[in-house]
Amino acid sequence: MKTLVLFYSTYGHVWKLAEAVAEGARQIEGNEVVVKRVPETLSKEILDQTGATGAQQAFAHVPVATPNELVEYDAIIFGTPTRYGNLCGQMQAFMDSTGGLWAKGALVGKVGGVFVSTATQHGGQETTIRSFHTELLHHGFVIVGLPYAWQGQMGHHEVTGGTPYGASTVAGGQGERQPSENELEGARFQGKHTSEIAKKLAAK
């Protein structure tokens, strides 16, 4: 039983969610959990201009994944920041490079899920996850979201991410807001829940 948490993060918000997802996934006995990131596609000049270079040093130690290794995992949980209501270019470039796997049906039957970060409360969290789900369905993934069994998305006493489609966080317009404990708990729940389902399917 192996779970991959695969993310792209600009300023570290998605990375923090990824670590929480992995923490939850590790609660499933016998589950080997790996955290990796997708390759950067922006130049250093642009990253410097956007102030992302320094922030990315915090997770520079995380290894970069290759498309062909996706076949090694029973569950893959993808994390991406939102770009105009859709997944970011770096993650899309990685997914675009999985065409060879699609042609062979190499990912059919694997369990997948998505978590995201947006600048604002209504910045496309659900549209991004649902758009990503379409790509996973084309690959034949069994999709798992974040059910309302996790009560953290029922409250309205604080600003918080969390959707039935997957965990999420609100980063703020300048990236000034960090994932709250409630959002991290949602990510942990998603990681555990997704891996638990993958384990059940693997036992069939």
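Biologist: In this predicted model, why is K36 called buried?
Modeller: The relative accessibility of K36 is 16%. Buried means under 20%, and therefore K36, at 16%, counts as buried.

Biologist: What makes the pair of E69 and K36 a salt bridge?
Modeller: The closest N and O atoms of E69 and K36 are 2.8 Å apart. A salt bridge requires a side-chain nitrogen of Lys or Arg within 4 Å of a carboxyl oxygen of Asp or Glu, so the distance of 2.8 Å satisfies the condition. E69 lies in the loop between α3 and β3 and K36 in strand β2, so the salt bridge ties together parts that are 33 residues apart in sequence. E69 is also buried, because its relative accessibility is 9% and the limit is under 20%.

Biologist: How many salt bridges does a search of the whole structure find?
Modeller: The search finds 7 salt bridges. One of them joins R188 to E181, with the closest N and O atoms 2.8 Å apart. Another joins E185 to R188, at 2.9 Å from N to O.

Biologist: How do you know whether R188, E181 and E185 are buried or exposed?
Modeller: Each value is set against two limits: buried is under 20%, exposed is over 50%, and partly exposed lies in between. R188 has a relative accessible area of 13%, so R188 is buried. E181, at 49%, falls in between and is therefore partly exposed. E185, at 35%, also counts as partly exposed.

Biologist: Where do E185 and R188 lie with respect to each other?
Modeller: Both residues belong to helix α7 (residues 181-202), and they are 3 residues apart, about one turn of the helix. In general, an α-helix has 3.6 residues a turn, so residues three or four places apart point the same way.
Modeller: The salt bridge between E185 and R188 is also part of a wider set: E23, E181, E185 and R188 are joined into one network by salt bridges that share partners.

Biologist: How do you know how the length of helix α6 compares with the expected span?
Modeller: Helix α6 (residues 125-139) has 15 residues. The expected span is 1.5 Å times one less than the number of residues, which gives 21 Å for α6. From first C-alpha to last, α6 reaches 22 Å, close to that expectation.

Biologist: Which residues of α6 are buried, and why are they said to line one face of the helix?
Modeller: The buried residues are Q125, T128, I129, F132, H133, L136 and H139. Seen down the axis of α6, these buried residues fall within an arc of 140 degrees, so they line one face. The face turned away from the buried side carries the exposed residues L137 and H138. Just after the helix, G140 takes a positive phi of about 90 degrees.

Biologist: Why is Y11 called partly exposed?
Modeller: Y11 has a relative accessible area of 38%, and partly exposed means between 20% and 50%, so Y11 belongs in that class. Y11 is placed in the loop between β1 and α1. The UniProt annotation "binding site", from an unreviewed entry, covers Y11.

Biologist: What makes the pair of Y11 and T50 a polar contact?
Modeller: A polar atom of the side chain of Y11 lies 2.8 Å from the backbone oxygen of T50. The limit for N or O atoms is within 3.5 Å, and 2.8 Å meets this limit. Beyond its neighbours up to four places away in sequence, Y11 touches T50, G51, A52 and A55.

Biologist: Why is T194 called buried?
Modeller: T194 has a relative accessible area of 0%, and buried means under 20%, so T194 is buried. T194 is in helix α7, where its side chain reaches the backbone oxygen of Q190 at 2.7 Å. With residues up to four places away in sequence left out, T194 touches A75, I77, V111 and V144.

Biologist: What makes P67 count as buried?
Modeller: P67 has 18% relative accessibility, and the limit is under 20%, so P67 counts as buried. P67 lies in the loop between α3 and β3. Apart from neighbours within four places in sequence, P67 is in contact with F94, S97, T98 and L101.

Methods:
Residues are numbered from 1 along each chain as its sequence is written. This is a predicted model: local features need pLDDT of at least 70, side-chain atom pairs count only at pLDDT 80 or more; totals for chains, interfaces and linings use all residues. Side-chain values use heavy atoms; hydrogens and water are left out. Helices (H or I, at least four residues) and strands (E, at least two) are DSSP runs, numbered from the N terminus. Buried means under 20% relative accessible area, exposed over 50%, partly exposed in between (1.4 Å probe, protein chains only). The arc is that of the directions from the helix axis to the C-beta atoms. UniProt positions are given in the numbering used here, feature names are shortened, and annotations may be inferred rather than shown by experiment. Contact means heavy atoms within 4.5 Å. A polar contact is a pair of N or O atoms within 3.5 Å; within protein, one must be able to donate a hydrogen and the other to accept it, and residues adjacent in sequence count only if both atoms are side-chain atoms.
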